[in-house]
Amino acid sequence: MAIAARLISVEEYLSHTYEPDCDYVDGHLEERNLGEWDHSRLQLRLGAYLLAQYGRQGVEVVTEQRVRVQPRRYRVPDLCVVLEKPGEQILTKPPFLCIEILSPEDRMRRLKIRIADYLAMGVPYVWVLDPQTRQAYAATPAKPLREVKSGILRTENPVLEVPLAEVFA
């Protein structure tokens, strides 16, 4: 959902702070659904798990990091995983993994656009977790969004594995 009816420039978006941060899509601000217990708890548990398991290997895990997916589109995933420190405050190179955690108000149409933005940018892995249904989904450039039925979210090169039972506990 757009916040402001008037168009704003990229420069205006980047020079302001929003609480919570917003996506910027073609001149419009879009609110992100968050702030609920289930969403926040899962975001922290998943980020902490990834950092504890893979942080010593140089994997960086950040929350709510602005990512420029196109020159006039900035997304703010719930979690990003990068394989080395990026050397920039706003990511312009594709993260290794973008993670979205659903809130009850999220809509599939909007989510698919976000995922398409990440994949078009060159993000190799996108995960989506639903704390209400305890389901997880994965997307890659080669495979569209699909439910993960194995109980383990996984990437390759490097291998990152997250047992869903651990983060949904």
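Student: Which residue in S5 stands opposite Gln-70?

Tutor: Arg-73 stands opposite Gln-70. Before we go on, this is a predicted model, in which local features need pLDDT of at least 70 and side-chain atom pairs count only at pLDDT 80 or more, while totals for chains, interfaces and linings use all residues. Residues are numbered from 1 along each chain as its sequence is written, and side-chain values use heavy atoms, with hydrogens and water left out.

Student: What makes S4 and S5 a pair?

Tutor: Two strands pair if DSSP finds at least two bridges between them. S4 and strand S5 (residues 73-75) are joined by 3 bridges, so they qualify, and they run antiparallel. The labels are DSSP runs numbered from the N terminus: helices are H or I with at least four residues, strands are E with at least two.

Student: In what order do the strands of the open sheet lie?

Tutor: The order is S2-S1-S5-S4, an open sheet of 4 strands with antiparallel pairing.

Student: Why is one side of S2 and of S4 left without a neighbour in the sheet?

Tutor: Strand S2 (28-30) and strand S4 (67-70) stand at the edges, and each has a single partner strand, so one side of each stays without a neighbour. On average, neighbouring strands of this sheet are turned by 35° against each other, direction ignored. Axes here are lines fitted to C-alpha atoms (for helices, over the stretch in contact), and angles run from 0 to 180 degrees between N-to-C directions.

Student: Why is Thr-140 called buried?

Tutor: Good one! Buried means under 20% relative accessible area, exposed over 50%, and partly exposed in between (1.4 Å probe, protein chains only). Thr-140 has 13%, so it counts as buried. It sits in the loop between strand S9 (135-139) and strand S10 (146-147).

Student: What does Thr-140 touch?

Tutor: Leaving out residues up to four places away in sequence, Thr-140 touches Leu-119, Pro-124, Tyr-125 and Arg-146. Contact means heavy atoms within 4.5 Å.

Student: Lys-143 lies in the loop between S9 and S10 too, so why is it called partly exposed?

Tutor: Its relative accessible area is 45%, which falls in between the two cut-offs, so partly exposed is the right label.

Student: What makes the largest pocket a pocket and the largest cavity a cavity?

Tutor: On a 1 Å grid over the protein atoms alone, a cavity is a set of points where a 1.4 Å probe fits but cannot get out, and a pocket is an open set with protein on both sides within 12 Å along at least five of seven lines; lining residues have an atom within 4 Å of a point. Grid points are joined across faces, edges and corners, and a volume is the space filled by probe spheres set on the points. By that reckoning the largest pocket holds about 270 Å³, and the largest cavity about 170 Å³.

Student: Which residues lie nearest the centre of the largest pocket?

Tutor: Among its 14 lining residues, Tyr-125, Thr-140, Lys-143, Arg-146 and Arg-154 do.

Student: And how do the residues that line the largest cavity divide by class?

Tutor: They split into 3 nonpolar, 2 polar and 8 charged. Here Ala, Val, Leu, Ile, Met, Phe, Trp, Tyr, Cys and Pro count as nonpolar, Asp, Glu, Lys and Arg as charged, and the others, Gly among them, as polar. Of the 13 lining residues, Arg-32, Asn-33, Glu-100, Asp-106 and Arg-114 lie nearest the centre. Arg-32, Glu-100, Asp-106 and Arg-114 therefore belong to the charged class, and Asn-33 to the polar one. Helix H3 (108-121) gives the most to this lining, with 3 residues.

Student: Why is Asn-157 called exposed?

Tutor: Its relative accessible area is 71%, and exposed means over 50%, so the label follows. Asn-157 is in the loop between S11 and S12, has a positive phi of about 55° although it is not a glycine, and is joined to Pro-158 by a cis peptide bond with omega of about 5°.

Student: What do the side chains do along S12?

Tutor: They alternate: Leu-160 and Val-162 point to one face and are buried, while Glu-161 and Pro-163 point to the other and are not. Strand S11 (residues 152-155) is joined to S12 by 4 bridges, and Ile-152 has Pro-163 as its bridge partner.
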